[in-house]
Amino acid sequence: MALMDEFKEERASIKKENFKTQFLYFWEYYKWYVIGPILAIAFIIYYIYTSVNAKDTAFYAAMLNTTEYNPLINEKLGVEKPTLFDHENDFIKYIDLNEDEYRVMFDTSMRIHDDPEEKETSEGIEKLMTYLGAGEIDILVTGAADFADYAYDSHFYDLREIMTQEQLTKYEPYLYYVDGRIVEEVKVAMDNMDYSYQLVVPDPTNPDAMEDPIPVGIYVHDSEYLLDTLIFEDSKVAMGIYANAPHIETALQYLDFLLDLPYEEAAKLAE
């Protein structure tokens, strides 16, 4: 009997069966003809939805090697601390951002420590370098000990290039300096792949002891609001504005938000 005749005979016999048998037969032979178009339509709908509803990022902060306070634990201890969600919303209100069109990002997902083979560290490096290379990150905030590694890699703006003299004077007590001579040493060592080079960091708060002091960061651990939101691995915390930051003015506004806004006023923004 020809294959087509067998197929016709099989279909004829199936029509005599109950609904469940007919459905199982149909599903066995035709399910991908049904699933394929459904998946295609679902993908198209999802793509259109995400495209229409996507918000532009107005500010992206990489909060490196930090942890959010657990609100459940705080509640059990009777401690009232702002969550990172509160922090984001407070800053949105502070800069009067149009939330229908824009968003701010405070990324606490990256962990980078001494061992590059450690999975968490390798993933953190990959993410940071990818986003940095794409020019999406505005600032890095991390413990001062970790900050030194990035400060001497020429990652950050010389603040004299983006701050007014008034701003520099205002934040002078908080400035983090690198020595330009050592920055050049680091560049030469990297170009020559000199893995024996040991970075010795001078006191970043003492520009008078440097040959070529360059302000590239700001200490922000005096911000009670920041330290009530996030737990850092270091008692001192520094912030740098990336040299390819897409939102410099917003980054400077965030600095004002941390250091120039009274804690009580910042806390009230969430109310």
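Q: Why is Glu185 called partly exposed in this predicted model?
A: Glu185 has a relative accessibility of 32%. Buried would need under 20%, and exposed would need over 50%. The value falls in between, so Glu185 counts as partly exposed.

Q: What makes Arg181 and Glu185 a salt bridge?
A: Their side chains meet at 2.6 Å, N to O. The limit is 4 Å between a side-chain nitrogen of Lys or Arg and a carboxyl oxygen of Asp or Glu. The pair is within that limit, so it is a salt bridge. Side chains of opposite charge can pair when their charged atoms come close.

Q: Where do Arg181 and Glu185 lie?
A: Both are in helix 8, residues 180-191. They are four residues apart, about one turn of the helix.

Q: Is Arg181 buried, partly exposed or exposed, and what makes it so?
A: Arg181 has a relative accessible area of 34%. That lies between the 20% and 50% cut-offs, so Arg181 is partly exposed.

Q: How do you know that Arg181 also pairs with Glu211?
A: The side chains of Arg181 and Glu211 meet at 3.1 Å, N to O. A salt bridge needs a distance within 4 Å, so this pair qualifies. Arg181 lies in helix 8, while Glu211 sits in the loop between helix 8 and strand 6, so the pair ties together parts that are 30 residues apart in sequence.

Q: Why is Glu211 called exposed?
A: Its relative accessible area is 62%. Exposed means over 50%, so Glu211 meets the definition.

Q: Which residues do salt bridges with shared partners join into one network?
A: Lys170, Asp256 and Asp260 form that network.

Q: How many salt bridges does a search of the whole structure find?
A: It finds eight.

Q: What makes Lys170 and Asp260 a salt bridge?
A: Their side chains meet at 3.0 Å, N to O. That is within 4 Å, so the pair counts. Lys170 lies in helix 7 (residues 165-170) and Asp260 in the loop between helix 10 (248-259) and helix 11 (263-268), so the pair ties together parts that are 90 residues apart in sequence.

Q: Why do Lys170 and Asp260 get their exposure label?
A: Lys170 has 37% relative accessibility. Asp260 has a relative accessible area of 42%. Both values lie between 20% and 50%, so each residue is partly exposed.

Q: How do you know that Asp138 has no salt bridge?
A: The nearest side chain of opposite charge, Arg103, is 10 Å away. A salt bridge needs a distance within 4 Å, so the pair fails the test. Asp138 is nevertheless buried. Its place is the loop between helix 5 (119-133) and strand 4 (139-143).

Q: Which backbone nitrogens does the side chain of Asp138 reach?
A: One is the backbone nitrogen of Tyr60, at 2.8 Å. Another is that of His247, at 2.7 Å. Polar contacts need N or O atoms within 3.5 Å, and these distances fit that limit. Beyond four places in sequence, Asp138 is in contact with residues including Phe59, Gly240, Tyr242 and Pro246.

Q: Why is Thr229 called buried?
A: Thr229 has 1% relative accessibility. Buried means under 20%, so the label holds. Thr229 lies in the loop between helix 9 (224-227) and strand 7 (230-232). A polar atom of its side chain lies 2.7 Å from the backbone oxygen of Tyr225. Beyond four places in sequence, its contacts include Glu68, Pro82 and His87.

Q: What makes the phi of Asn65 stand out?
A: Most residues other than glycine have a negative phi. Asn65 is not a glycine, yet its phi is positive, about 55°. It lies in the loop between strand 1 (56-63) and strand 2 (66-68). At 3% relative accessibility, Asn65 is under the 20% cut-off and so counts as buried.

Q: What is the phi of Ser154, and where does this residue lie?
A: Phi of Ser154 is near 60°, a positive value in a residue other than glycine. Ser154 is in the loop between helix 6 (144-151) and helix 7. Its relative accessible area is 36%, so it is partly exposed.

Q: How do you know that strand 6 pairs with strand 5 and strand 8?
A: Pairing needs at least two bridges. Five bridges join strand 5 (residues 175-179) to strand 6. Two bridges join strand 6 to strand 8 (residues 237-241). Both pairings are antiparallel. Val178 stands opposite Ile214 in strand 6, and Ile218 stands opposite Met239 in strand 8.

Q: What makes strand 6 mostly covered?
A: Six of its seven residues are buried.

Q: Where does pLDDT stay under 50?
A: It does so over residues 45-53. The model has zero contacts beyond four places in sequence for them. The mean pLDDT of the chain is 81.

Definitions and conventions: Residues are numbered from 1 along each chain as its sequence is written. This is a predicted model: local features need pLDDT of at least 70, side-chain atom pairs count only at pLDDT 80 or more; totals for chains, interfaces and linings use all residues. Side-chain values use heavy atoms; hydrogens and water are left out. Buried means under 20% relative accessible area, exposed over 50%, partly exposed in between (1.4 Å probe, protein chains only). Lys and Arg count as positive and Asp and Glu as negative; His and the chain ends are not counted. A polar contact is a pair of N or O atoms within 3.5 Å; within protein, one must be able to donate a hydrogen and the other to accept it, and residues adjacent in sequence count only if both atoms are side-chain atoms. Contact means heavy atoms within 4.5 Å. pLDDT is the predictor's confidence in each residue, from 0 to 100.
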